[in-house]
Amino acid sequence: MTEREIEILENFKAVRENIDRAAENRKENFSDGLGVSLLAATKTVPAEDVVFAAEHCGLTLAGENRVQEFTAKYDTVKPHLDGYHFIGHLQTNKVKSIVGKTELIHSVGSLHLAEALDRAAAAQGIVQPVLAEINIAAEESKSGFLPDDALHVLDEFDAFSSLKLCGIMTMGPADAEKSALRKYFRETYQIFIDFFAKKRHNIIEAVLSMGMSDSYVDAIEEGATVVRVGSALFGKRNYL
């Protein structure tokens, strides 16, 4: 086994131990019975590293931020995963490259994008699962639905016959202090509960995707059901 493979193995073990501890802490505060899934954020990660993690570390979910990278890795990594998700910003002119290939799109942050996805899915005769992105801190630099509008806007997804709204996603401010970040996670969880409590007849298990390498423990303790972890699993990367 190479040094790189040993590093990945050790990283996965450490992250899973952290997830298990956070999930136990979460049970003290929540009674919703929802579990926690690890999604490996694999932006710039070589396909062979993703395959190794799937075969030797128990990885079942991975997600890409870029359409080009998603399509380039797809044939190599998809057969080894239960789910290959799209988690990054998505432009409307690229939806046809994603729809029908990914099990879940995490980043639907506008009704304009939802309309484009709905048309693309309808053209294929499929229903595409998606998450609505909530801009929980109302940052001008980020896409997503504002928290004050969220419950009303989420209801509008019912108009899209070829989309299935399976939950919500958020990204806290990168420079937020831990206490502030936990507050944003807590507020997102409340939106999640307020909306999906009345949708249980349509969704078996709703998804709340929040938390990354530097915040996944806090996110789990505040209610996340999916955490998107990259550098904590694969090491720091050059994103240029």
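Which strands each supply at least two residues of the lining of the second largest pocket? Keep that one in mind, everyone, and we'll get there together. Before we start, please remember that this is a predicted model.

Let's begin with the largest pocket. Its volume is about 680 Å³. Three elements give two or more residues to its lining: β6 (163–170), α6 (178–196) and β8 (226–229). Of these, α6 provides the largest share, with three residues. In total, 33 residues line this pocket, and if you want to find its centre on the screen, look for Asn-65, Lys-142, Met-171, Met-212 and Arg-228, which lie nearest to it. What sort of residues make up the lining? By class, there are 13 polar, 12 nonpolar and eight charged residues.

Now for the second largest pocket, at about 290 Å³. It is lined by 18 residues, and Ser-37, Leu-61, His-85, Val-207 and Val-226 are the closest to its centre. Here is the answer to my opening question: the strands are β1 (37–41) and β3 (83–86), each giving at least two residues to this lining. Sorted by class, the lining has nine nonpolar residues, six polar and three charged.

Last, a word on cysteines. A disulfide is a covalent bond between the sulfur atoms of two cysteines. How many disulfides does the structure hold? Zero. Are Cys-57 and Cys-166 buried or exposed? Cys-57 has a relative accessibility of 11%, so it counts as buried, the cut-off being under 20%. Cys-166 is buried too, because its relative accessible area is 12%.

Thanks for listening!

Conventions:
Residues numbered from 1 in each chain as written. Predicted model: local features only at pLDDT ≥ 70, side-chain atom pairs only at ≥ 80, totals over all residues. Heavy atoms only, no water. Disulfide = S-S within 2.5 Å. Buried < 20%, exposed > 50% of the residue type's maximum accessible area, 1.4 Å probe, protein only. 1 Å grid on protein atoms, 1.4 Å probe; cavity = no way out; pocket = protein on both sides within 12 Å on 5 of 7 lines; lining within 4 Å. Points joined across faces, edges and corners; volume = space filled by probe spheres on them. Helix = DSSP H or I, 4+ residues; strand = E, 2+ residues; numbered from the N terminus. Nonpolar A, V, L, I, M, F, W, Y, C, P; charged D, E, K, R; others polar.
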